[in-house]
Amino acid sequence: MRKNVTLILLLAFLLIGSSMVMAQEKGGTLRFAMIDTPPSLDQQVITSDLATIIAQHIFEGLYTFNSEYAPVPMLASGSEVSDDGKLVTINLREGVTFHNGNEMTSEDVVASLERWGEFGVRGPVLFEHIDKVEANGKYSVNLYFSEAFSPWKSMLAFINGGPVILPKEIMENANEQPISPQEYIGTGPYQFNEWNTGRYISLTRYEDYAMREEESDGFAGQRISYLDELRFIPVPETGTRVNGVKAGDYDYAQRMQGDMYESLKEDERVEVLVNQGAQFGELFFNQKEGLMTNTKLRQAVLAALDMEPVLQAAHGHPDLWDQNGSIMPEGTIWYSEAGIEKYSQGDPELARKLAEEAGYNNERIRFMTTTSYQTMYDSCVVIAQQLSEAGFNIDLQIYDWATVATRRNDPAVWDFFYTWHGFVPDPILYTFLSPTYPGWWDTPEKRNLVGQFTKTMDQEKRTEIWSQLQEQIYNYVPIAKTGDTYTYDITSPSVKGFGQTSLIWPKFWNVWIE
Amino acid sequence: MLAYTFRRLLTIIPTLLIASILIFSFMHLMPGDPAAVMLGTNATPEQVEKLRVQLGLDRPIYVQFATWLQEAFRGDLGDSIFFQSPVLSVIQNRAETSIFVATFSMLIILILGIPIGVISAVKYNTLLDQLTMGFAMLAASIPTFWLGLNLMILFSVNLDWLPSSGFPSVLESGNLNNLKYLILPCITLAAPNSALIIRLTRSSMLDVMKEEYVKTARAKGLKESIVILKHIFRNAIISIVSALGFTFIALLSGTVVTETVFSLPGVGRLVVQSVLRRDYPVIQGIIFVVVILYVFINLLTDLSYAFLDPRISYE
């Protein structure tokens, strides 16, 4: 009897096991309906999220992020840092090949890092601390820093506008212009196949992909390419993306609207995926010219704002936003409560009092926003309303994004503007820390703290300094954060294998179609 | 006729020149920078400026215009800032969709619009006339995005008869089956335009019906079908042909809402995206092509008058 039971259990186990293997068989094309076409897939010089969603399958960096946002090796096998923090030696994995069949060596890495350092979007932030990059044998690279610079690994791991590795012959001839599609040669699990302008971008499986052996964890570890082809199709209208997934014309659709969340969650024809990488909206105050150079007035504006209605109006369902005053989201090592008692005060009386102390006399305050992104506009309408109720004379100026992006460089024409910031794994990547970014936050206290923050190698100390910087943000008010928001996508129920997405870019390795 | 055609073709040159200057000036008067759009929301001014220099956008506007014009008259419309490829190939890529959509929509408009308009005029003030006019009013009033999305829900999501959106190239694949992707967009586009032609045909026919020569034709004892087709319809057709010409140009140069709803890679969406991205060479290029098309189709429309009405001569 026991023998029979064992036999039955064994058969059942084999059946379940074989069906699981069957379920993950290779094959099929995943059709991804995306909101637009990216300008290019050249990750080093483009920060478009659309570009990264596609390009992360083609290109890889030396490091990547695991599910806890910690930078871990990808093309690197490990690293050594000298005691003074000035010499970093990165060892490379052997046997990694580019999509042209050539093996990746230290020369390719040096050429890629140098191009990124000179022309890349985020490269100069790291390279202003680097004196030299040189090959140290075939599989090792030395980075010589002018002084210890703690966030180097996070910066090498951040692929968006980041240092992806391409062959030396392409990188040596590249400059700040994006490289052409013929030059999209990376080391990733998928290779570039075709860019049919206006119709789709197609990637196919790279059969000789040199995969890491560790278990998949966030963006790190194994990247198994079950799907034969990934096809990224621009479908700008949300209703069309939804109908397309329901009709079986697309397998995955990006960026649904907040007001559709409930109905899509209940619809059996689709599955909802909320991206875990939090974005946040932020008001940038003009500290160079005009009314907002007055710190007290900025504090008055902050005091007037109640972020809950702002987030609700723009993002709808509470699953899609968090009323969080910490600049970094909860769950990260950077989460801090320093200064957050001043977040979302929603106190018009206090705002009036502070404005009076600031000498505000009903002057016109120019608030720039855009209708190019609906959630930005919706947030700004509520913000403008709250500020008007608190006695501010708000002139809400509405432009398309291209106009806002140009006008914000002229400090004479605006007092504050609204934009959003994508999730970054290390605060050093925040744009508002740059003294040249519109808003121009550049006080001696801030400079001193940022200097300490980048030089300190000890993580605990860095977290502590970041808390002090956050406190500065709430006292000095260079920006006002509205809250964390999450985008969500839908997928056909036949698409399987999505883990938690720790950043905002959905990825399709380890994903298969049943 | 030949001399007239030649003279009309010559008007393309000043028309193109004036249109180019106007568009170039307007585009550059608009604030906004393609480099800022390309680099995204978090780019610093230094990064934007670096790319501007690389793209040649830091040169004076008149230098940019002169360079562009010189190249355009050599047949080179420059490179798209966004796509980093020649403007002509970007337009060519979108032209297939626009030509197919415009042609098939025109066929539907002709098949529905003219016969229904004629019947409505002949049956003037009857129940049939009221019904057709009601239908025309409805078709003209329904917003195209609403009609498009509902056709999609019915025929793609619920009935699963037709694809919901997109249009894989017929010319590249040689697969005529891909034309099924255009059925819903063409119906969506044809609906309001058919309504216009129905109403125009009806009113033109009714105007001609009041003419003395129609009464004479009937008094002569001609068959009613001959009176309607040879005497009324033929005289009413001139204004209908003019409207059809304009409709065809409008369909060819892009129908943004329908292209967006059905995610069609057509010229209309390209224009809007290029304006939002400040992709100046593409906008200039499209204007260039549309002006040429406009002049040609107008010329063909004018020449067709001579064939339709022997009293018109271009000598």
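Q: What makes a residue count as buried?
A: A residue is buried if 20 or more other C-beta atoms, placed from the backbone, lie within 10 Å of its own; it is exposed if 12 or fewer do, and partly exposed in between. In chain A, 52% of the 514 residues count as buried. This is a predicted model: local features need pLDDT of at least 70, side-chain atom pairs count only at pLDDT 80 or more, and totals for chains, interfaces and linings use all residues. Residues are numbered from 1 along each chain as its sequence is written, while chains are lettered from A and ligands numbered from 1 in the order in which they are written.

Q: Where is A:Glu68 placed, and is A:Glu68 buried or exposed?
A: Helices (H or I, at least four residues) and strands (E, at least two) are DSSP runs, numbered from the N terminus. A:Glu68 sits in the loop between strand 2 (63–65) and strand 3 (71–73) of chain A. With 14 other C-beta atoms within 10 Å, A:Glu68 is partly exposed. Its C-alpha atom is separated by 8.2 Å from that of A:Gly331, 263 residues apart along the chain.

Q: How many helices and strands are there in chain A, and what is its radius of gyration?
A: The radius of gyration is taken over C-alpha atoms, and the globule rule is 2.2 Å times the number of residues to the power 0.38. Chain A has 15 helices and 21 strands. Its radius of gyration is 25 Å, close to the 24 Å from the rule for 514 residues, so chain A is as compact as a globular protein of that length.

Q: How are two packed helices described?
A: By the angle between their axes and the distance between the axes. Axes are lines fitted to C-alpha atoms, for helices over the stretch in contact, and angles run from 0 to 180 degrees between N-to-C directions. In chain B, helix 12 (residues 224–252) and helix 15 (residues 280–308) pack at about 165 degrees, with axes 10 Å apart. These two helices of chain B are therefore roughly antiparallel (an angle over 145 degrees).

Q: Which residues of helix 10 and helix 12 of chain A meet?
A: Two residues are in contact if their C-beta atoms, placed from the backbone, lie within 7 Å. A:Pro309, A:Val310, A:Ala313, A:Ala314 and A:His315 in helix 10 meet A:Thr375, A:Asp378, A:Ser379, A:Val382 and A:Ile383 in helix 12. The axes of these chain A helices come within 8 Å and cross at roughly 145 degrees.

Terms used. Angles under 35 degrees count as roughly parallel, over 145 as roughly antiparallel, 65 to 115 as roughly perpendicular and the rest as oblique.
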